[in-house]
Amino acid sequence: MMKYRILMVDDEEDMRHLTQMYLENSGFECIQADGGAAAYKILQAEKIDLILLDIMMSEENGFQVCQKIRENYDIPIIFLSAKGEEWDKVRAFQLGGDDYIVKPFSPGEMVARIQAVLRRYNQHRHQEYLQKIGNIIINQLARTVMVDDRVVPLTLKEYELLLFLIEHQHQALSREQLLEKIWGIDYIGSLRTVDTHIKTLRMKLGQIDYIQTVWGIGYKFEVREA
């Protein structure tokens, strides 16, 4: 099972070590940073799934660090702070924080908050990758295609061809364009390759007739209103 990697940013060494122990006992992997500068370097070099960010730090405070991170990264951020005032919480969320935990907190609360934020974030990412066009649903994350609740098994080239047609729907695309985009400029096969794959795609998609022939040019994808 994949371990989520948590970046703990806090200038208090004891707090970092204690938090790391809690996280690792709960099945997470923890990487420590003693401030913003160290955190930026880690983000450039490592894949991080969530950031625990202390607010009261000696150099850059957590608000400043969050602001810089948000310029380049869409990573869940949970603020940790001994300050529980409403204004601090409001500012944290305005800057792009996903949650705010007031110190002192229990290990169980911290882990539960992390799991909840990761769950929401992953659900949102999954939804972003879902695309519905007419009766077709494409999941780009899983690389699956469904038509009317039926899974359509496609080869990689068939999938790429369908996706390209959909991304350029209503546009007439020549066989030459499709061959170059899907098979590459160095492909030495004939234009009949495109026709063959279009024929197979139509057969696999079934009764829907979204892939239309544009005589003398090539093909286009278009969902006709009933």
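In which strand does I6 lie?

**Residue I6 and its surroundings**

In this predicted model, I6 belongs to strand β1, which spans residues 5-9. The residue is buried, its relative accessible area being 0%. Setting aside residues up to four places away in sequence, I6 touches L23, F28, E29, C30, I31, L50, L52 and I114. For one of these partners, L23, the C-alpha atom is separated from that of I6 by 8.2 Å, and the two residues are 17 residues apart along the chain.

**Packing of helices α6 and α7**

Helix α6 (residues 156-167) packs with helix α7 (residues 175-183) at an angle of about 125 degrees, and their axes are 10 Å apart. The angle lies outside the range of 65 to 115 degrees and is not over 145, so α6 is oblique to α7. The crossing of the two helices is right-handed.

On the α6 side, the contact is made by K157, E160, L161, F164 and L165; on the α7 side, by L178, K181, I182 and W183. Sorted by class, the contact of α6 with α7 has 6 nonpolar and 3 charged residues, and no polar ones.

**Nonpolar cores**

The largest nonpolar core comprises 28 residues, within which I136, L162, I211 and F221 have the most contacts. At least two residues of this core come from each of β7 (136-139), β8 (144-147), α6, α7, α8 (192-205) and β12 (218-221). Helix α6 supplies the largest share, 7 residues.

Apart from its neighbours within four places in sequence, F221 is in contact with I133, I136, L162, L165, I166, Q169, H170, Y210 and I211. A second, separate core has 22 residues, including V9, I48, L53 and I55.

How values were computed
Residues are numbered from 1 along each chain as its sequence is written. This is a predicted model: local features need pLDDT of at least 70, side-chain atom pairs count only at pLDDT 80 or more; totals for chains, interfaces and linings use all residues. Side-chain values use heavy atoms; hydrogens and water are left out. Axes are lines fitted to C-alpha atoms, for helices over the stretch in contact, and angles run from 0 to 180 degrees between N-to-C directions. Helices (H or I, at least four residues) and strands (E, at least two) are DSSP runs, numbered from the N terminus. Angles under 35 degrees count as roughly parallel, over 145 as roughly antiparallel, 65 to 115 as roughly perpendicular and the rest as oblique. A crossing is left-handed if the near helix is turned anticlockwise from the far one by less than a right angle, and right-handed if clockwise. Contact means heavy atoms within 4.5 Å. Ala, Val, Leu, Ile, Met, Phe, Trp, Tyr, Cys and Pro count as nonpolar, Asp, Glu, Lys and Arg as charged, and the others, Gly among them, as polar. Buried means under 20% relative accessible area, exposed over 50%, partly exposed in between (1.4 Å probe, protein chains only). A nonpolar core is a set of buried Ala, Val, Leu, Ile, Met, Phe, Trp, Tyr and Cys residues joined through side-chain atoms within 4.5 Å.
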